[in-house]
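Here is a briefing on helix packing and charged pairs. Please keep the sequence and the structure in view.

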Amino acid sequence: MKKIKLSKVPVFLTGVMLAALLLSGCSKQPEEKSAGEDVVSDDVILTETGETIEKEQPTPEPVATPALENANIDPALLVEPEVEKSDVQEEPVEYDDGKLQIVFLGDSIFDNNRDGTGVPGRTAAQCNANGYNLAIGGTCASVEWDEHTGYEDWTSRSLVGVVNAMAKNIPTDIFVNDTTTKAILDDPDIDFSKTDYFVVEYGMNDFLNTHPLTTDEAPSGTKSYVGALNYSVVTLKSIAPDATIILCSPTYAQFYNGDWMIGDGNTINNGYGTLFDYKGSCEYVANSQQVLFYNAYQDLGIDGYTADEYLEDGIHLTDKGRQLYADALTKLILKYEETKNN
């Protein structure tokens with residue numbers, strides 16, 4: 001059945017629908033942190049050399065846009081559509097020492113279409129690079145509210161979990177169901193310290209799962225989007241000090257309740273902010289950490305006018321959308337390579 005956008009529905013009916021759908025005060029309340037949890041990620045900072053220092057003053061963080069009364073939507077309505085995965089998988093990368101090494105970390109935007117037509121596969125091919133895709137669909141940058149982040153009892157498959165596995169801080173057993181990611185993490189021939197580019201793409205699921213934007217709103221640092229990105233960037237710098245890190249914001253999205261569009265990334269507030277606010281927080285971290293930022297939300301050209309062409313379900317990319325994203329990353333990487341070599 002064809003999805004019907006609110007713009008096509010009579011104003012009166014639209015008002016009735018939104019009145020029924022929108023609820024106030026849906027943001028989650030921070031839980032108390034269990035004793036011994038987040039000892040590493042909250043109380044100390046990893047330096048680029050791998051040393052740890054005690055955290056002195058918290059870095060100023062962006063304040064999420066306050067949710068207006070009756071502007072928050074029931075989180076149950078924010079659901080990531082399921083995508084059928086292809087049985088065709090990319091061939092394992094045979095390392096070539098003369099090529100760039102690009103490591104991709106992300107959610108389903110990077111994890112889907114591992115048949116060579118996904119964003120990482122196309123980007124690596126177009127850059128003539130050794131590409132390693134560690135993306136895991138459905139995951140967030142930040143740690144879930146009920147997950148443990150002590151190294152000895154780690155349970156999170158988030159971005160924070162992946163970078164800790166890359167740094168050998170935790171075992172890879174947590175990724176037993178993520179066979180491709182686990183195989184790359186366990187491959188003794190893959191040396192992450194030789195990485196030229198880390199391309200990090202997260203934020204959509206942090207928004208959908210109503211994870212806080214800032215550490216002030218979270219029970220611990222890595223359980224917020226900003227905190228998780230900060231921690232992960234510092235850890236990646238310690239793994240490969242010479243690598244270039246590219247933080248990619250979430251892409252523009254439209255959200256549906258069945259066949260009805262209830263809003264988009266500019267209008268729907270999950271209690272902590274809009275998807276556009278998560279984009280802004282990603283940019284903030286990139287600037288503060290002095291890494292590259294790619295504004296996938298605005299610079300890809302996906303918006304309310306082009307969504308039908310580039311988004312297959314309001315969130316995931318069509319073939320044309322994936323090519324668009326891969327072209328943008330390829331252009332960014334190759335242009336940056338030119339500046340390094342000149």
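The points below cover one helix and its cover, then the salt bridges.

This is a predicted model, in which local features need pLDDT of at least 70 and side-chain atom pairs count only at pLDDT 80 or more, while totals for chains, interfaces and linings use all residues. Residues are numbered from 1 along each chain as its sequence is written, and side-chain values use heavy atoms, with hydrogens and water left out.

**Helix α6**

- Helix α6 spans residues 179-186, and its buried residues are Thr-181, Lys-182, Ile-184 and Leu-185.
- Buried means under 20% relative accessible area, exposed over 50%, and partly exposed in between (1.4 Å probe, protein chains only).
- Helices (H or I, at least four residues) and strands (E, at least two) are DSSP runs, numbered from the N terminus.
- The buried residues of α6 sit on the same side of the helix, because they cover an arc of only 160° around the axis.
- That arc is taken from the directions from the helix axis to the C-beta atoms.
- The cover over the buried residues of α6 includes β4 (130-133) and α5 (159-166). Contact here means heavy atoms within 4.5 Å.

**Salt bridges overall**

- The whole structure holds eight salt bridges. Each is a side-chain nitrogen of Lys or Arg within 4 Å of a carboxyl oxygen of Asp or Glu.
- Side chains of opposite charge can pair when their charged atoms come close.

**Arg-114 and Asp-111**

- Arg-114 and Asp-111 pair through their side chains in a salt bridge, at 2.7 Å from N to O.
- Arg-114 is buried, at 9% relative accessible area. Asp-111 is buried too, at 8%.

**Pairs in helix α12**

- Lys-340 and Glu-337 form a salt bridge, with their closest N and O atoms 2.9 Å apart.
- Lys-340 and Glu-337 are about one helical turn apart, because three residues separate their positions in α12.
- Lys-340 is partly exposed, with a relative accessible area of 39%. Glu-337 is buried, at 12%.
- Elsewhere, salt bridges with shared partners link Arg-122, Asp-319 and Arg-322 into one network.
- Within that network, the side chains of Asp-319 and Arg-322 meet at 3.4 Å, N to O.
- Asp-319 and Arg-322 both belong to helix α12 (residues 319-341), three residues or about one turn apart.
- Asp-319 is partly exposed, at 39% relative accessibility, whereas Arg-322 is buried, at 7%.
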